[in-house]
Amino acid sequence: MPDYKLSAQLKGHDGDVRAVCFPTANVVLSASRDHTVRIWRRTAENPKFDATITTQGHEYVNSLTFLRPHGQYSDGLIVSSGKEPIIEVKKPTSTPSDNAERLLVGHGNNVCALDTSPRGSWIVSGSWDGKAIIWGTDTWEVAHHLVHEGDVKSVWAVLAYDESTVITGSADGLVRIFKLAGNKSTEITPWKTLSTGGVVRALCKLPTGLQGHPSGAEFASAGNDGIIRLWKMNGTEVGSLSGHDSFIYSLAALPGGEIVSSGEDRTVRIWRGSKCVQTITHPAISVWTVAVCAENGDIVSGASDNVVRVFTRNEDRVADAETIAQFEESVRASAIPQQQLGETINRENQDPKSWLQTHSGTKDGQVKTVREDDGSVGAYQWSTSQGKWIHVGIVVDSAASSGKKVTYKGKEYDYVFDVDIEDGKPPLQLPYNLSDNPYEAATKFLGDNELPITYLDSVANFITQNTQAATLGQTNNAPSADPYGTESRYRPDSAPEPPKKKFLPHMQYLSLTQAKLEAALKKLKELNEKQSERNAVDAASISLLESQVGTISKAPSATGDEGSPATLEAAQVIFAIITQWPYADRLPALDFLRCLVPHPKVAAQTDRHFGDIINIAIRGALDPDFRGDNSTLGDFIEKGVDEKALNANSVMMALRTITNLFSTPEGGKLVASQIATVVNFLSRVAGTNEGQQPIGAANVNVQIALTSVTFNLACLAFRERKKSPPEESVDLGALAEIINIVETTVRKQTDNEVLFRALMTLGMLLAAGGDPRELAKSLEAQEWVALAAKKTGDTRVKDVAAECLSYLKQ
């Protein structure tokens with residue numbers, strides 16, 4: 001069988017390509033960290049493709065699948081999701097401005113895996129929240145939750161094996177098989193649980209019958225140990241394939257039974273039986289994803305160099321000689337970090353390049369390092385089919401040590417660092433030249449990756465520490481001119497340690513306003529059609545929301561909105577929906593509400609039956625019946641809430657609404673007037689009272705919203721106590737409960753952003769001094785602040801914890 005050759009390089013993405021799909025011979029789908037989903041259609045000039053963006057979001061898109069044509073969707077549907085944990089379903093003909101056909105809300109963190117059943121009757125999703133969910137495509141609602149007990153952390157892979165079987169792979173090292181047939185339960189427990197010994201990141205179904213795998217395996221799994229494991233559906237492991245040098249991220253099966261894999265070792269590998277028969281090296285650190293076209297057997301890959309590549313065995317679809325030569329040269333010119341080879345490289349002990357002429361490799365994909373004629377270390381990979389060593393890059397034992405520049409996004413740099421911003425998440429790439437100022441390079445890196453500016457000192461110090469012994473160009477020649485002039489050049493090895501940034505006190509309130517209100521409006525309109533005549537809002541009200549959605553979704557400063565009558569009227573429409581519609585249908589309106597409250601005069605709006613915005617938001621999130629009884633809101637929060645009946649995302653929206661009330665003076669005053677009620681609500685969400693279960697404890701977005709409210713309350717307390725004369729709308733009783741909420745959060749949560757906001761809450765109270773600081777000391781905050789610092793490697797969390805401990809010692 002011939003080797004795969006490059007067919008096309010599809011360039012257009014501005015970030016890592018994290019997911020690909022090859023539904024037909026003429027269509028490729030891709031999803032990227034540049035927040036887009038693209039559809040690539042083959043042109044008449046085979047093998048070229050033209051791209052159209054179907055989705056332009058606000059966050060990384062990390063997962064993708066295609067729902068086969070059915071019913072009214074004759075072209076099928078593109079299903080995607082990512083860091084923003086809403087699953088979007090769109091037509092292939094859609095543009096970014098078109099509304100989604102459906103938005104599926106149920107996960108609380110990054111959705112990293114998607115698949116569809118063979119007949120398209122359901123979708124399965126996996127997430128960093130440790131959950132896997134089955135969504136019926138007849139109702140577009142949750143059909144089943146697949147139970148993952150224990151410390152799962154993340155469901156990295158999902159496989160719709162057949163119409164009645166789902167397989168999942170997770171960070172706890174387990175593969176779980178679920179049987180759906182005849183199961184009407186909302187929650188389904190695993191039929192079989194298989195242990196792999198390492199994080200599972202990829203799954204694929206293998207053909208059976210005459211085209212089946214020689215081992216008789218019916219599916220394969222792979223992950224962090226770099227091993228592909230072959231399984232029967234009865235749970236028997238019948239074989240394994242070794243060859244990858246690092247994490248395996250993706251698996252696919254060819255129609256003839258061969259397996260395709262990709263991973264962190266820069267390669268796509270083709271496996272026939274128990275042997276690797278071809279290794280395709282990419283000019284990128286990570287090959288995140290592979291997919292196979294069932295119609296023609298072509299392969300598509302997506303990698304960290306932002307490029308989608310198609311490979312084929314059909315000579316009619318092979319790229320022209322110039323394109324192939326450019327691809328091969330980019331592979332040869334790429335830098336390979338020494339640590340990726342898992343060995344210490346000593347240049348003097350390397351065999352000379354001539355060794356390659358007299359020795360053969362023992363298996364396809366084997367890597368051999370040799371000393372090049374110019375003294376650098378070259379990496380060569382054995383190709384079994386070609387019977388020769390292929391040059392695949394230059395080995396660098398530390399950044400820039402080879403004397404060669406590293407290419408990143410078409411430019412040359414002395415260094416391209418892998419930066420681990422958060423434990424358990426893939427590193428981001430940071431390019432740097434020794435002539436650059438580390439702080440300017442760090443600022444650009446944060447902006448490019450939409451990271452908080454609070455990381456600035458940490459990233460700049462990382463650059464400084466990792467370039468201490470380096471000189472410009474890594475040569476003995478005099479350093480070249482730099483943008484600042486010879487005398488003013490920034491010298492990492494001689495610069496004094498910059499002063500550490502202080503986080504406390506932080507005087508600005510937080511807000512959580514980023515939204516896709518167009519999608520929320522579409523969902524609201526769909527739900528309105530099924531409401532009773534009494535509850536449905538009229539056409540004029542819908543038209544009003546349509547006309548105001550652009551204004552509501554943007555900050556008032558960007559639109560010049562000073563509390564227009566139309567905005568205030570839209571608020572009344574939203575009030576009516578929240579207070580009158582069934583609980584399951586309120587989420588889009590709650591989303592509107594949290595975006596409305598930063599607009600002037602909205603916070604002062606009330607409903608004649610149900611009171612102010614705080615009452616509407618909290619009851620809308622907690623009370624399925626929205627009772628108009630005589631119980632106070634505080635009493636209801638304490639005694640009337642059934643957490644099992646609640647939608648955590650609705651609670652999140654209520655928390656975001658209260659957070660955003662601080663955006664206007666009247667909103668801040670409203671919160672200050674109802675401190676006891678608000679703090680009571682926060683305590684109920686956190687589950688601090690004996691006998692109460694927390695709400696949304698596994699939903700990171702709920703926890704971020706919760707700690708955003710606590711921070712704003714702490715900021716209010718700080719501001720009031722610094723006034724002359726001081727004010728105390730947040731009294732010591734409320735402060736004690738806020739500290740209790742923060743302690744509960746620190747002890748139970750692990751997300752770095754949640755921990756950071758929780759500690760910032762405490763820090764603001766400590767910075768206020770006086771009674772708040774003494775209160776925190778009396779509640780023994782020092783012990784759990786130290787615990788927070790030990791729970792994570794995040795520099796921000798450690799630094800703000802250190803500031804808190806410093807205050808506690810005063």
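**Exercise 1. Describe how strand β27 pairs with strand β28, and then place β27 in its sheet.**

Solution. Strand β27 is joined by five bridges to strand β28 (residues 299-303), and the two run antiparallel. One pair of residues fixes the register, since A291 stands opposite V300 in β28. The structure used in these exercises is a predicted model.

The next step is to widen the view to the sheet, which is open, has four strands in the order β1-β29-β28-β27, and is paired in an antiparallel way. At its edges stand β1 (5-11) and β27 (287-292), each with a single partner strand, so one side of each is left without a neighbour in the sheet. On average, and with direction ignored, neighbouring strands of this sheet are turned by 20° against each other. Finally, helix α1 (residues 321-333) packs on the sheet, where it touches β1 and β29 (307-312), and the direction of the helix makes about 80° with that of β1.

**Exercise 2. Work out which strands are the edge strands of the open sheet of five strands, and describe the pairing of β11 with β12.**

Solution. Begin with the order of the strands, which is β10-β11-β12-β13-β17, with mixed pairing. The edge strands are β10 (111-116) and β17 (187-188), because each pairs on one side only. Inside this order, strand β11 (residues 122-127) and strand β12 (residues 132-136) run antiparallel and are joined by five bridges. Within this pair, S125 is the residue that stands opposite I133 in β12.

**Exercise 3. Decide whether strand β32 is enclosed or open to its surroundings, and describe its link to β31.**

Solution. A residue is called buried when its relative accessible area is under 20%. In strand β32 (residues 377-383), seven of the seven residues are buried, so the strand is largely enclosed by the rest of the structure. Both faces can be checked separately: V377, A379, Q381 and S383 point one way, G378, Y380 and W382 point the other way, and all are buried.

Turning to the partner strand, β31 (residues 367-371) runs antiparallel to β32 and is joined to it by five bridges, with V367 standing opposite Q381 in β32. The two strands form a hairpin with five residues between them, and in the turn G375 has a positive phi of about 95°.

**Exercise 4. Describe the packing of helix α12 against helix α14, and say what kinds of residue make the contact.**

Solution. Two packed helices are described by the angle between their axes and the distance between the axes. For helix α12 (residues 648-661) and helix α14 (residues 675-686), the angle is about 145° and the axes lie 12 Å apart. The crossing in which α12 passes α14 is left-handed. On the side of α12 the contact is made by V651, A654, L655 and I658, and on the side of α14 by V678, F681, L682 and V685. Sorted by kind, the residues of this contact are eight nonpolar, no polar and no charged.

The contact can then be linked to the interior, because a nonpolar core is a set of buried residues joined through side-chain atoms within 4.5 Å. The largest nonpolar core has 110 residues, and L655 and F681 are among those that touch the most other members, as is I574. With neighbours within four places in sequence left aside, I574 is in contact with L524, L545, A589, F592, L593 and L596. Apart from this core lies another, of 19 residues, among them L6, V260, V268 and F327.

Note on methods:
Residues numbered from 1 in each chain as written. Predicted model: local features only at pLDDT ≥ 70, side-chain atom pairs only at ≥ 80, totals over all residues. Heavy atoms only, no water. Axes fitted to C-alpha atoms, helices over the stretch in contact; angles between N-to-C directions. Left-handed = near helix turned anticlockwise from the far one by under 90°. Contact = heavy atoms within 4.5 Å. Nonpolar A, V, L, I, M, F, W, Y, C, P; charged D, E, K, R; others polar. Buried < 20%, exposed > 50% of the residue type's maximum accessible area, 1.4 Å probe, protein only. Pairing = 2+ DSSP bridges.
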